[in-house]
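Biologist: Please take a close look at one part of this model for me. I would like the sheet and its strand pairing, then the surroundings of the ligand.

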Amino acid sequence: MACSSQSALDYVRQARVHLVRELKHLSVIVENLYQRNVFSDEEVIIIQEEINDYDKTRKILDLVMRKGEAACYEFLRIINMTRKRTLGTPFLFPYNKSGAWTETKTFDLHHWISCYSFKEDTQMDINYLQGSRPCHRYQAKLKSKAGRMSNEFWKANKYLFDDSHKPDLSYTPLVLDTEGSVSTFKIKKSKSKKMSRPQKLRMYLPEEKSEISPGDLLKTDKNIVLVGKAGIGKTALTQEMLKVWAESDSEELDYMFYFDMRETTSDFMSMSLEDLLFSVFSEPDEGKEEVLADMKKNSESVTIIFDGITDLSSSVVRRLVEKDLLPDAKIIITCRPDDEEDFFSWDSLRVEVKGFSEQSIETYLSATLGEQKSKVWSNLELLTLCYVPMYAVMVAACFSTEDPQPCTITEVYISIVRFCLQTNSNKTKTRHLESYINSKGMEILSLAEVAFQATEGKTANLTELPCKDSSVLSFLKPLVIQRNFTERYATHAFLHYTMQEFFAALWLLKNPDKAKDVLQQCLTEGMKHMRHLIPFMCGLLSEKSPSLMKCLIPAEELKNTSNWFFKEMITTFSHCLCEQDEADTEDSGSDVDILFLCRCLYESQCPDACIYLLDKLDYCLDLAGESLDPYSCYAVAYVVTQSKEKKIQLNLEDVMVSEHGMRRLFGCLKNVQWCDPLPRQLWKIFLLGEGPMDHISLLALDGNQLHLPVEGKRQLFERAVKVMQKISTKVNVCLYWNRPTPVCQSLCELLLEAWPHINSLSFRKTYRGPGLQDQDQHHGSLGREEKGLLLDLCLKAALHKGESFLGVVNALFSLFSVENDNSNIYLDFYQRVESERCSSVIPKLRALFQSVPVWFIDLSERKASILLEVLKLQSEKKQVVLTSWSHEDSEVRSFLQCLPYISQLR
Ligand SMILES: Nc1ncnc2c1ncn2[C@@H]1O[C@H](COP(=O)(O)OP(=O)(O)OP(=O)(O)O)[C@@H](O)[C@H]1O
């Protein structure tokens, strides 16, 4: 290696003979030398006047060497920084396998320049021109076009979102698989045990194996085939590559072109390279020939993207792909799996675009929906549907609108179908879409038919493809099924199973005679999966649905079907619900429950059908034990809200609801009977729910009352304390006993901590004890349980509350409304202290008992010895009123011992 003290002049001189032969892009070298003030204007002219490149090179070298050491050093720097262009392609063979220089006649200028040891100087930041000015200007033009195209691509779908919720759409990482071969589209017939529906749906989510970014793909110098299903993100990926390139600040002179083959294929047929690059994409503002020549000479600096290629019928595209034109250019093509065949033998990197991983779906939904994300996130069907980015856009767009516009699941699917058709009809304007759907009616309905047959046959593989129309194919992906080692067959499947169910429902509406059978099938063990078609049928029958249906099935036919369908469905399913109730089995096998019916009716948006169902259910919706995602809450709230004249009885025992769902349910509570145990159920849901809940609204709903059971999870009571501490007004606490039991420790702790925030305490018993009715016991005499609770609390206060004990006990007495009867409760308290052997607190009781002016005692019920102990504790004699007498001698004797402490006896 040369050392830094090495003379630049000598270094150039030694290589002069090779440089004269090899140097390329002389204009670049001259321009850089001129910029660095090595050459003057006159010298540049002198060089340009030389006739051929050989003479030009000699002139440059001679002039530089004549100018001495500094000029040669500058020359070497320029060669070093522009070596890719000025030294041409490097030779590899002068080195042996271990990298040592071998005797050879060829002098490698790349090696030569890399051996010169440059000073650690500031020139690193200087921009050296890599090509002529027109080339650099053209590169800048292409970069600005690439940036613009990418921006326009991401903006194009913004119109789908509500004006108030327009998100900034941008690239979200896609799962890119470079390991798979064509066979990744194969699926093996699994003999493993049956999977549940959630398991099956989760299978759609691709797993991220190794993260590959668009930037990584740009860096590889291989050609690339991006293969993926319709709407999976191939164009988005190429647009992101354009953006990354446009924003890169590398000094390299390179060029990038993008062609949307769906838009331009027909024009490409007989085009020249120049026309393709300059006329179709972008024309240089100056030096057209020079730019084209530069690209031809340095074809490794050209990248061309052909997006959505279906064949190689255009000769210019074929010649580029086959390396007949621009042999070192990097060609990137995107195609759907069906069209990949033409590129099997192409020397390229195959990248399968697999869509969004679960993580990316979350990122995408957070970016587009923010907090509203939970509406989609909690619904596995919709969540897994979003692995196809084109579907994710529509899901996000549908849910981006806030209430009062309800969005049913069917509406989301209809929007997706319309969006796919629009994209596939070569971006037909929305206003032309209707006629496009009309013209494709046959194809769409034939797809619906195969969807129905497959669903009925419990398979996702479509036995036969209805047609090869692209509008139909955009919902499908090709599959190769491996029957055994030797046998395979090609088929198709929907991009998502729920899409198949949607189309199957569509077919049923075209063939309503079959719908009755399907309703019956839903109730059988073997065919219960058919129930997933019913909500879609209801949604498609809805008069509010966007106009997909009217393009496919005459409105009259739909009306005829809806006239009987909802009633038939409710009768069939509610009958099955009654049978379940009678059999009282948890698992009837049909999986049709009230929640399912509510979902169907929400999809239908049909108030009459809701009333029909409520009537069948006696206006009672029992949702006990259900887990209600936000969508289910929308559905329940919708059904309840339809009952304007009669209030609904709602059972929410042990129901799980998210905060978002709760907000929905709140809206319908005015139509619900507000009585036990609903308030307690709601408080339980609120306090045990995840995420922040709107406690203020719940308190406001019911006279500032907080309802709590006397037994429950610790978290329930801990959160209740926090709620009470947070709000400024005191709350009215209502405690529920649903069996005769002491209250749990956590409740005691709550009351001892939160009593300053409690305005009143009331008690309700929801059990029927001997001689007891359902009770609502407010102030007044205490029942056994309440008294037990009060004494527990007083004892705990005595044990743990130190100085503040008196204040706490008095506050508790007043909360339990026992002022008028206090002497009895004091005796009870003393008795409890003794029985618990807490003698250490007895001295504390003196101050408490001091305030009692008269002691009342019923000797038929209480031992006189207790009175004696209590009287002894006090420093002065007290009045005693004896309300009943004991006939036991020992009691009489005990009482006589009290006399010295009594001032007056009545
Ligand atoms: N990585 C991504 N990040 C965010 N949105 C994406 C992404 N990929 C795709 N999308 C969204 O999905 C829509 C469809 O994607 P795209 O056009 O890239 O699909 P495609 O694979 O090229 O489909 P086709 O085969 O029909 O051409 C895009 O308009 C874009 O809104």
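Modeller: Strand 3 (residues 224-227) and strand 7 (residues 349-353) run parallel. They are joined by 4 bridges. Within this pair, Val-225 stands opposite Arg-350 of strand 7. Keep in mind that the model is predicted.

Now the whole sheet. Strands 3 and 7 belong to an open sheet of 6 strands. The order is 1-7-3-6-5-4. Read along that order, strand 7 sits between strands 1 and 3, and strand 3 sits between strands 7 and 6. The pairing in the sheet is mixed. Its edges are strand 1 (176-177) and strand 4 (255-260). Each edge strand pairs on one side only.

Next, the ligand. Its shell holds 18 residues. The closest are Gly-233, Lys-234, Thr-235, Ala-236 and Pro-389. Two elements give two or more residues to this shell: helix 11 (234-247) and helix 19 (389-399). Lys-234, one of the closest residues, is where helix 11 begins. Pro-389, also among the closest, is where helix 19 begins. By class, the shell divides into 8 nonpolar and 8 polar residues, plus 2 charged ones.

Last, the setting. The protein has 906 residues, and 39% of them count as buried. Its secondary structure comes to 42 helices and 21 strands. Among contacts with a separation of 6 or more, 78% link residues 24 or more positions apart.

Key: Residues are numbered from 1 along each chain as its sequence is written. This is a predicted model: local features need pLDDT of at least 70, side-chain atom pairs count only at pLDDT 80 or more; totals for chains, interfaces and linings use all residues. A residue is buried if 20 or more other C-beta atoms lie within 10 Å of its own, exposed if 12 or fewer, and partly exposed in between; C-beta atoms are placed from the backbone. Two residues are in contact if their C-beta atoms, placed from the backbone, lie within 7 Å. Two strands pair if DSSP finds at least two bridges between them. A residue is near a molecule or strand if its C-beta atom, placed from the backbone, lies within 6 Å of it. Ala, Val, Leu, Ile, Met, Phe, Trp, Tyr, Cys and Pro count as nonpolar, Asp, Glu, Lys and Arg as charged, and the others, Gly among them, as polar.
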